[in-house]
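Reader: I am new to this structure and would like to learn how to read it feature by feature. Could you take me through it slowly?

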Amino acid sequence: MSDGEPLAVRLDQVTAGWIEGKPALRSASLTIAARGVTGVVGPNGSGKSTLVELISGYLRPWQGTVQVGGAAPDSGSVRSRRRICRTAPALFGLMTVRDHLVLSARAPGGDLDVQVRRAERLGLGPWLDENAGTLSSGTAKKLWYLFCTAGDFELVVLDEPFNALDLGAVDVVVDEIVRWAEDRAVVVVAHQPPAGLPVEAVVDLETAGHRG
Ligand SMILES: Nc1ncnc2c1ncn2[C@@H]1O[C@H](COP(=O)(O)OP(=O)(O)OP(=O)(O)O)[C@@H](O)[C@H]1O
């Protein structure tokens with residue numbers, strides 16, 4: 001899929017946070033394999049979304065190192081091969097569902113027909129010409145998931161992807177994750193992962209470091 005190093009994630013003695021003097025993660029060391037499903041667990045406020053932003057490169061550690069495929073998370077060699085799907089949908093309210101699919105299909109390896117088929121499978125067919133701002137929360141969440149996971153990638157991070165989804169959509173997302181995980185890394189932050197999700201490794205942020 002790529003000639004770069006596989007996109008394993010490695011945190012070494014990472015202390016990081018959002019407010020000076022209040023680390024959200026302290027001295028956290030962990031590894032996420034370049035293949036298979038890794039679950040990220042921990043109580044509210046234990047730093048799961050902070051870990052997501054360290055992997056995305058948006059947040060830089062105060063101490064320690066974060067590497068994705070042996071490189072800095074915000075390096076060009078990593079960005080096009082990684083997808084991040086944050087918890088809260090950030091859609092364009094006055095753009096239709098179809099507009100979002102067109103835009104997302106511009107991702108590396110993206111294809112509009114594939115995106116439309118995925119949308120229909122998730123039950124978005126009747127809403128393709130509706131503005132995103134008018135969607136129900138679960139429907140918006142489905143579109144957000146599609147928007148963030150378009151094209152070819154080797155690592156995808158999904159922060160609470162199942163929240164607000166109906167059971168049929170949960171099955172579709174699990175099915176896609178299982179296929180992706182055959183040859184790439186899928187990181188899933190979920191308080192209650194669905195029973196059918198094959199989680200091969202677990203990162204527990206209660207034990208990965210010491211919270212401040
Ligand atoms: N974008 C942000 N700006 C400021 N502070 C943040 C931000 N994201 C997280 N924090 C803070 O970092 C700490 C860890 O929060 P984080 O969201 O990483 O935990 P979490 O394990 O994802 O929690 P939850 O299970 O509630 O989603 C909290 O004190 C939180 O207030």
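Reader: Which strands does helix H1 (residues 48-56) lie across, and at about what angle does H1 run to S6?

Author: Please keep in mind throughout that this is a predicted model. A helix can be placed by naming the strands it lies across and then giving an angle to one of them; here, helix H1 lies across strand S3 (36-41), S5, S6 and S7, and the angle at which H1 runs to S6 is about 150°.

Reader: In what order do the five strands of the open sheet come, and in which sense do they pair?

Author: A sheet is read from one side to the other, and in this case the order is S5-S6-S7-S3-S8, with parallel pairing. Strand S5 (82-85) and strand S8 (201-204) are the edge strands, each of them pairing on one side only. Between neighbouring strands of this sheet the average turn is 15°, if direction is ignored.

Reader: How many bridges join strand S6 and strand S7, and what is the partner of leucine 158?

Author: A pair of strands can be followed bridge by bridge: strand S6 (residues 155-159) and strand S7 (residues 185-189) pair in the parallel sense over five bridges, and leucine 158 has valine 188 in S7 as its bridge partner.

Reader: Which residues are around the ligand, and which element gives the most to that shell?

Author: A shell is read first as a list and then by its make-up. Around the ligand are Trp18, Ala24, Gly42, Asn44, Gly45, Ser46, Gly47, Lys48, Ser49 and Thr50, and H1, which you have already met, gives the most to this shell, with three residues. By kind, the shell divides into two nonpolar, seven polar and one charged.

Reader: Is glutamate 120 buried or exposed, and why?

Author: The idea is to count C-beta neighbours, and a residue with 12 or fewer within 10 Å is exposed. Glutamate 120, which lies in helix H4 (residues 112-121), counts as exposed because it has 12 C-beta neighbours inside 10 Å. From C-alpha to C-alpha, glutamate 120 is 26 Å from glycine 36 in space, while the two are 84 residues apart in sequence.

Reader: What domains does the assignment give, and how many residues does each bring to the contact?

Author: A domain may be made of several stretches of the chain, and the assignment gives domain 1 (1-81 + 153-161 + 181-212) and domain 2 (89-152). Their C-alpha centres lie 25 Å apart, and the contact takes five residues from domain 1 and five residues from domain 2. On the side of domain 1 that touches domain 2, the residues divide into four nonpolar, one polar and no charged.

Technical notes: Residues are numbered from 1 along each chain as its sequence is written. This is a predicted model: local features need pLDDT of at least 70, side-chain atom pairs count only at pLDDT 80 or more; totals for chains, interfaces and linings use all residues. Two strands pair if DSSP finds at least two bridges between them. Helices (H or I, at least four residues) and strands (E, at least two) are DSSP runs, numbered from the N terminus. Axes are lines fitted to C-alpha atoms, for helices over the stretch in contact, and angles run from 0 to 180 degrees between N-to-C directions. Two residues are in contact if their C-beta atoms, placed from the backbone, lie within 7 Å. A residue is buried if 20 or more other C-beta atoms lie within 10 Å of its own, exposed if 12 or fewer, and partly exposed in between; C-beta atoms are placed from the backbone. Domain bounds come from an automatic or database domain assignment. Ala, Val, Leu, Ile, Met, Phe, Trp, Tyr, Cys and Pro count as nonpolar, Asp, Glu, Lys and Arg as charged, and the others, Gly among them, as polar. A residue is near a molecule or strand if its C-beta atom, placed from the backbone, lies within 6 Å of it.
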